[in-house]
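This report reads one protein chain from its fold down to single residues. The sequence and model come first, and the account follows.

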Amino acid sequence: MLEKELLNSIENPDAQLAAEAQAGDVVAEEALIRKYSSLVKSKTKAYFIMGADENDVMQEGMIGLMKAVRKYEPSKNASFGTFADVCVTSQIISAIRTADRIKHRPLNTSVSLSNPVDGEGAEGITLEDTLSANIADSPEQIVVLKDVTYYILNNDDNIFSDLEMKVIGETIKGYSYDQVAERLGKSRKQVDNALQRAKKKVNDYLWK
């Protein structure tokens, strides 16, 4: 039994650290937080492009990471990294959705895609406009689309049509409009329309 536990700890060090952290080991907890802080930073970058305050997003992401440390169960057959990704994403998206309601250090409501983009030469241009060209050109935008879609589906709130889901699925794999159209046997215009509808639904889901 002892040999099996030792083998498990070697093969899955994150699970071992999580177990130790849950037992009150502060050093183990800090080790996991340090290791996965880069995950939070990457999410912060992705959501910051939508207009939210970077520090607020970072703080929410760290809260999600702390929840992952405290709630992780190796028996669920998911790696700690995968579980942490889900927890961080859910925390950030939940904070964005409830910002207007809680009125407590809210994430800036200018995250709305319909608000103007700041910056030289960007006057009158909205974030929705920047997403309408080719979302596959921006890894951050793909992260946001993937995260929010997963969040919606995971909460049993499927708001997408079959075509929209197929287009989203191909888009987050990194395919261009033309490639998605070819793979699905649709016209480029059909793909563009489906993705624009999906993005509007995502925006409405987050802010309404």
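Helices here are DSSP runs (H or I) of at least four residues, strands are runs (E) of at least two, and both are numbered from the N terminus. The model is predicted.

## Overall fold

The protein has ten helices and zero strands. From the N terminus on, the elements read α-α-α-α-α-α-α-α-α-α. The chain holds 208 residues, and 38% of them are buried. Take the contacts between residues at least 6 apart in sequence: 61% of these join residues at least 24 apart.

## The nonpolar core

In soluble globular proteins, nonpolar side chains tend to be buried together. Here the largest nonpolar core has 41 residues. Y47, L65, F80 and V148 have the most contacts inside this core. Two or more residues each come from helix 2, helix 3, helix 4 (54-71), helix 5 (80-102), helix 7, helix 8 (162-171), helix 9 and helix 10. Helix 3 gives the largest share, eight residues.

## Helix 2 and its packing

An α-helix has 3.6 residues a turn, so residues three or four places apart point the same way. Helix 2 has four named positions to check against this: D14, A15, A18 and A21 are its buried residues. Seen down the helix 2 axis, these buried residues fall within an arc of 125°, so they line one face of the helix. Just after helix 2, G24 takes a positive phi of about 105°.

Two packed helices are described by the angle between their axes and the distance between the axes. The axes of helix 2 and helix 4 come within 7 Å and cross at roughly 90°. Angles of 65 to 115 degrees count as roughly perpendicular, so helix 2 is roughly perpendicular to helix 4. At this meeting, A18, A21 and Q22 of helix 2 face V69, R70 and K71 of helix 4 in contact.

## Salt bridges

The count comes to nine salt bridges. Three of them are set out below.

| Pair | Closest N to O | Elements | Sequence separation |
|---|---|---|---|
| K35 and D14 | 2.9 Å | helix 3 (residues 26-48) and helix 2 (residues 13-22) | 21 residues |
| D147 and K43 | 2.8 Å | helix 7 (residues 139-154) and helix 3 | 104 residues |
| D178 and R188 | 3.0 Å | helix 9 (residues 177-184) and helix 10 (residues 188-207) | ten residues |

Start with K35 and D14, which form a salt bridge. K35 lies in helix 3 and D14 in helix 2, so the pair ties together parts that are 21 residues apart in sequence. The two ends are set differently in the model. K35 is partly exposed, with a relative accessible area of 47%. D14 is buried, at 10%. D14 is also one of the buried residues of helix 2.

D178 and R188 form a salt bridge as well. It joins helix 9 to helix 10. D178 is partly exposed, with a relative accessible area of 49%. R188 is partly exposed too, at 41%.

## D147 and its surroundings

Is D147, one partner of K43, buried or exposed? D147 is buried, and so is K43. The relative accessible area of D147 is 7%, and the cut-off for buried is under 20%. D147 sits in helix 7. The salt bridge with K43 links helix 7 to helix 3 across 104 residues.

Which residues does D147 touch, beyond those up to four places away in sequence? They are K43, Y47, T89 and I93. Among these, Y47 is one of the residues with the most contacts inside the largest nonpolar core. K43 and D147 also belong to a wider arrangement: with D85 they are linked in a network of salt bridges.

## A198 in helix 10

A198 lies in helix 10. A198 is buried, with a relative accessible area of 0%. Leaving out residues up to four places away in sequence, A198 touches F160, E164 and I168. A198 and S161 are 37 residues apart in sequence, and their C-alpha atoms are 8.5 Å apart in space.

Technical notes: Residues are numbered from 1 along each chain as its sequence is written. This is a predicted model: local features need pLDDT of at least 70, side-chain atom pairs count only at pLDDT 80 or more; totals for chains, interfaces and linings use all residues. Side-chain values use heavy atoms; hydrogens and water are left out. A salt bridge is a side-chain nitrogen of Lys or Arg within 4 Å of a carboxyl oxygen of Asp or Glu. Buried means under 20% relative accessible area, exposed over 50%, partly exposed in between (1.4 Å probe, protein chains only). A nonpolar core is a set of buried Ala, Val, Leu, Ile, Met, Phe, Trp, Tyr and Cys residues joined through side-chain atoms within 4.5 Å. Contact means heavy atoms within 4.5 Å. The arc is that of the directions from the helix axis to the C-beta atoms. Axes are lines fitted to C-alpha atoms, for helices over the stretch in contact, and angles run from 0 to 180 degrees between N-to-C directions. Angles under 35 degrees count as roughly parallel, over 145 as roughly antiparallel, 65 to 115 as roughly perpendicular and the rest as oblique.
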